[in-house]
Each structure stands twice: as C-alpha cells, then as structure tokens.
Amino acid sequence: MKKIFFKSAKINEFRLWGLVFTLVGMGIMILGTAGILLWGQVGKIFAGIFMVFGMISLLISVAVYFWAGMMSTSATMLQCPECGRQTKMLGKTDRCMFCRTMLTLDPAQATEHPREEVQA
C-alpha cells in the first residue's frame, strides 16, 4: 500500500503553504522597514531590497492559493465513512478534511471493515 505523507487533506496542505508564503513575505517586508530605523538613509536600500523579496513571496502565495482553488473545483466529492461529512479528495488516496481518516478510491488499497450486525 502506498503511504500518504500528508497529515491532513491535500487541499488543506496547499492552502497551508499559501498562508506560509503570505506570512513570510509580510515578515520580510516588515524586517526590511526596520533597516530605515537602524541605518537611516542607507537603510532605504535595505528596505527596498526586502520589499522586493517580500512581494515575490506574496506573489508566490497568490499562485499557490489560485492553484489550490483550481484543484478544489475538480476534486472528487465524497462522504467520509468515519465522520459522515462531505469532503473533497484529490488523487487516488487522500485524507478527510475534517477527521483526517485515510480515504481511497482504489479497491486494491482499501481495507475491509466488518459490518456491524443489527441485533433484533
């Protein structure tokens, strides 16, 4: 059985990376403006360089969010067997977006769960 390295749903992982790039970009820009306080006029060059790197990081985050959104529109919708909520699935194996249960569409990778018998 192929292992999944994600600890959450694949779509949520992409969104997490988009958030990381956003926060890193903003942090870089804030650190760059600190150069003006520390070095005065020379710090403006330092701030300008860091503003460019911060904007590049923010543009990468926009691309990641756009990519995650496009994948989300073509994802397979199914009901999680554990929590019963609607979740989206990318590829043959993924995790539930809510309870993180391993899900698969491949019968070769599926596990058999004994059905509970209804006692009369």
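Which residues do ring pairs link into a cluster? In this predicted model, the cluster is made up of Trp 39, Phe 46 and Phe 50. The rest of the picture is easier to follow with the overall layout in hand, so to speak, and that layout comes next.

The chain's secondary structure amounts to two helices and four strands. Read from the N terminus, the order of elements is α-α-β-β-β-β. Of the 120 residues, 29% count as buried. As for how the chain folds back on itself, take the contacts with a separation of 6 or more: 46% of them come from residues 24 or more positions apart.

The helical part can be set beside the UniProt record. An unreviewed UniProt entry places the feature "transmembrane region" at residues 16-39 and 45-68. In the model, residues 16-39 are 100% helix and 0% strand, with 35 Å between the end C-alpha atoms. Residues 45-68 likewise come out as 100% helix and 0% strand, and their end C-alpha atoms are 35 Å apart. Helix α2 itself covers residues 42-73, and its length can be checked with a bit of arithmetic: at 1.5 Å a residue, its 32 residues should span 46 Å, and the 48 Å between its end C-alpha atoms agrees with that.

Which residues of α2 are buried? The list is Gly 43, Ala 47, Gly 54, Ser 57, Leu 58, Ser 61, Val 64, Ala 68, Met 71 and Ser 72. These buried residues pack against α1 (10-39) and β2. Two of the listed residues, Ala 68 and Met 71, give a closer view of that packing.

Ala 68 sits in helix α2 and counts as buried because its relative accessibility is 2%, under the 20% cut-off. Setting aside neighbours within four places in sequence, Ala 68 is in contact with Phe 14 and Arg 15. Its C-alpha atom is separated by 6.2 Å from that of Ile 11, a residue 57 positions away along the chain. Met 71, also placed in helix α2, is buried with a relative accessible area of 17%. Apart from residues up to four places away in sequence, Met 71 touches Phe 14 and Leu 90. The C-alpha atoms of Met 71 and Lys 88 are 10.0 Å apart, with the two positions 17 residues apart along the chain.

Phe 14 turns up again among the aromatic residues. How many aromatic pairs does a search of the whole structure find? The search finds four. One of them joins Phe 14 and Trp 67 in a tilted arrangement, at 4.8 Å centre to centre and 55 degrees between the planes. Phe 14 lies in helix α1 and Trp 67 in helix α2, so this pair ties together parts that are 53 residues apart in sequence. Both rings keep some accessible surface: Phe 14 counts as partly exposed at 21% relative accessibility, and Trp 67 counts as partly exposed at 48%. Phe 46 and Phe 50 form another tilted pair, at 4.4 Å centre to centre and 35 degrees between the planes. Here both partners lie in helix α2, four residues apart, or about one turn of the helix. Phe 46 is partly exposed at 28% relative accessibility, and Phe 50 is partly exposed with a relative accessible area of 25%. This pair belongs to the cluster with Trp 39 mentioned at the start.

Over in the strands, Thr 87 is a handy reference point. Is Thr 87, a residue of strand β2 (residues 86-89), buried or exposed? Thr 87 counts as buried, since its relative accessibility is 0%. The Thr 87 side chain reaches the backbone nitrogen of Met 97 at 3.1 Å. Beyond residues up to four places away in sequence, Thr 87 touches Thr 76, Met 77, Leu 78, Cys 80, Arg 95, Cys 96, Met 97 and Leu 103.

Two arginines round off the description. Arg 85 lies over the face of Phe 98, at 4.0 Å from the ring centre. Arg 100 is found in the loop between β3 (93-95) and β4 (102-104), and has a positive phi of about 65 degrees although it is not a glycine.

Terms used:
Residues numbered from 1 in each chain as written. Predicted model: local features only at pLDDT ≥ 70, side-chain atom pairs only at ≥ 80, totals over all residues. Heavy atoms only, no water. Buried < 20%, exposed > 50% of the residue type's maximum accessible area, 1.4 Å probe, protein only. Polar contact = N/O pair within 3.5 Å; in protein donor to acceptor, adjacent residues only side chain to side chain. Contact = heavy atoms within 4.5 Å. UniProt positions renumbered as here; feature names shortened; annotations may be inferred. Expected span 1.5 Å × (residues − 1). Phe/Tyr/Trp six-rings, centres within 6.5 Å; stacked < 30°, edge-to-face > 60°. Lys NZ or Arg CZ within 6 Å of the ring centre and 35° of its normal.
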